[in-house]
2 protein chains.
Amino acid sequence: MLKITKKIEYALIVLRHLNEHKENGASYSAKEISSLYYLPLENLAKTMQNLVKLNYLTSFKGSKGGYRINEKLDDTSLGDFVESLEGPIGLVDCMLEKNCLVEENCNIKSPIIRVNDNLKYALSSIPMSDIVK
Amino acid sequence: MLKITKKIEYALIVLRHLNEHKENGASYSAKEISSLYYLPLENLAKTMQNLVKLNYLTSFKGSKGGYRINEKLDDTSLGDFVESLEGPIGLVDCMLEKNCLVEENCNIKSPIIRVNDNLKYALSSIPMSDIVK
DNA sequence: AATTAATACGATAAAATATATCGTATTAAT
DNA sequence: ATTAATACGATATATTTTATCGTATTAATT
């Protein structure tokens, strides 16, 4: 409950690593990151491919290939980052679907919306640049 | 991801209902709440039993039995409430276990702790009395 | 040209978690 | 006695998350 996914966790580890090791245009393969941080290779690779699609990373194919970080993070919040990878944040499903069948019978809709807004605000207040240091 | 459980959801519905209908010492059975809000009876009943154990509700057994709300909520935050039902809040598992095996290899520990604190602070700032109105 | 080592990605399997249900006991009003 | 409720451990189902597999493509190296 109230957990972030491994995808987010791996992504943060990758971004922070690449951000702290970008001198001389260095690049790192999924395999390297995997063994540096003991993360499952295949799964990590998928996550890194996601990060490329979202333009957080640039990839280099072929032997001696790897990944490098882009500058996109500079004006991205943690909230935006999470939503870009996992879709919209909603404490309960009925916040995300358009049609709640029993809406008239729901007495906690407005408080839940309030709490959800709080959560999103908290996440939007944290710059990714802080997290990757 | 970042969802609350049905247990919490049902609990909030119950508490709000009982709080708004406590005149003349009225009491409601699990069955009544179940049909008022279209919630699965057995599961809802379990949740209400939880709320009794935690002293948020008082129950009356036997035929014509039911539940009534206690005054405990008055100085409880949403964060405390959630943790009383579901245990400690942690964005990632390694925040909750004492021993992270690869801690030296984790580069995001301190940022995650920061975000976790933010989340907990946001939840602790919302009084339950606001939610049950 | 062949080999090697990497990314890309759809499909599937496995594991973990959340949700719902069942069975039985107990309780108290009728 | 009967009825209708709470109590609660055990179990089953569903959903979500996490991990893996298989195959294609790419580019440096030999």
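These legends walk through close-up views of a predicted model with protein chains A and B and DNA strands C and D.

**View 1. Overall confidence in the predicted model.** Before zooming in, here are the scores. The model has an ipTM of 0.93 and a pTM of 0.94. For chain A, the mean pLDDT is 93, and 97% of the residues in chain A reach 70 or more.

**View 2. The protein surface near DNA strand D draws on both chains.** Look for 26 residues around DNA strand D. Those that come nearest are Thr5(A), Pro40(A), Glu42(A) and Gly62(A) from chain A, joined by Ser59(B) from chain B. Chain A supplies at least two residues from each of α1 (6-20) and α3 (41-53). In chain B, α2 (30-37), α3 (41-53) and β2 (66-69) each do likewise, with at least two residues. The largest share belongs to α3(B), which provides 4 residues. Sorted by class, this surface holds 11 polar, 9 charged and 6 nonpolar residues.

**View 3. The protein surface near DNA strand C, again with residues from both chains.** Around DNA strand C there are 26 residues. Here Ser59(A) is among the nearest, together with Thr5(B), Pro40(B), Glu42(B) and Gly62(B). The elements that give two or more residues to this surface are α2 (30-37), α3 and β2 (66-69) in chain A, plus α1 and α3 in chain B. Which helix gives the most to the surface near DNA strand C? That is α3(A), with 4 residues. By class, the surface near DNA strand C comprises 9 charged, 11 polar and 6 nonpolar residues.

**View 4. Where chain B meets chain A.** In this view, 30 residues of chain B contact 30 residues of chain A. On the chain B side, two or more residues come from each of α1 (6-20), α2, α4 (78-86), α5 (109-124) and α6 (128-131). That side of chain B is made up of 20 nonpolar, 5 polar and 5 charged residues.

**View 5. Helices α1 and α4 packed together in chain A.** The axes of α1(A) and α4(A), the latter spanning residues 78-86, are 10 Å apart and make an angle of about 125 degrees. Because of that angle, α1(A) is oblique to α4(A). Their crossing is right-handed. To find the contact, start with Lys7(A), Ile8(A) and Ala11(A) on α1(A), then turn to Val82(A), Leu85(A) and Glu86(A) on α4(A). The contact has 4 nonpolar and 2 charged residues, with no polar ones.

**View 6. Helices α2 and α3 packed together in chain A.** Why are α2(A) and α3(A) described as oblique to each other? Their packing angle is about 125 degrees, with the axes 9 Å apart. An angle over 115 degrees but not over 145 counts as oblique, and α2(A) and α3(A) are therefore oblique to each other. The two helices cross in a right-handed sense. On α2(A), the residues to pick out are Ala30(A), Lys31(A), Ile33(A) and Ser34(A). They meet Leu41(A), Leu44(A), Ala45(A) and Met48(A) on α3(A). This contact includes 6 nonpolar residues, 1 polar and 1 charged.

**View 7. Helices α2 and α3 packed together in chain B.** Moving to chain B, the axes of α2(B) and α3(B) come within 9 Å and cross at roughly 125 degrees. That crossing angle makes α2(B) oblique to α3(B). The crossing of α2(B) and α3(B) is right-handed. From α2(B), the contact uses Ala30(B), Lys31(B), Ile33(B) and Ser34(B). From α3(B), it uses Leu41(B), Leu44(B), Ala45(B) and Met48(B). The classes here are 6 nonpolar, 1 polar and 1 charged. While you are looking at α3(B), recall that this helix also provides the largest share of the surface near DNA strand D.

Definitions and conventions. Residues are numbered from 1 along each chain as its sequence is written. Chains are lettered from A and ligands numbered from 1 in the order in which they are written. This is a predicted model: local features need pLDDT of at least 70, side-chain atom pairs count only at pLDDT 80 or more; totals for chains, interfaces and linings use all residues. A residue is near a molecule or strand if its C-beta atom, placed from the backbone, lies within 6 Å of it. Ala, Val, Leu, Ile, Met, Phe, Trp, Tyr, Cys and Pro count as nonpolar, Asp, Glu, Lys and Arg as charged, and the others, Gly among them, as polar. Two residues are in contact if their C-beta atoms, placed from the backbone, lie within 7 Å. Axes are lines fitted to C-alpha atoms, for helices over the stretch in contact, and angles run from 0 to 180 degrees between N-to-C directions. Angles under 35 degrees count as roughly parallel, over 145 as roughly antiparallel, 65 to 115 as roughly perpendicular and the rest as oblique. A crossing is left-handed if the near helix is turned anticlockwise from the far one by less than a right angle, and right-handed if clockwise. pLDDT is the predictor's confidence in each residue, from 0 to 100.
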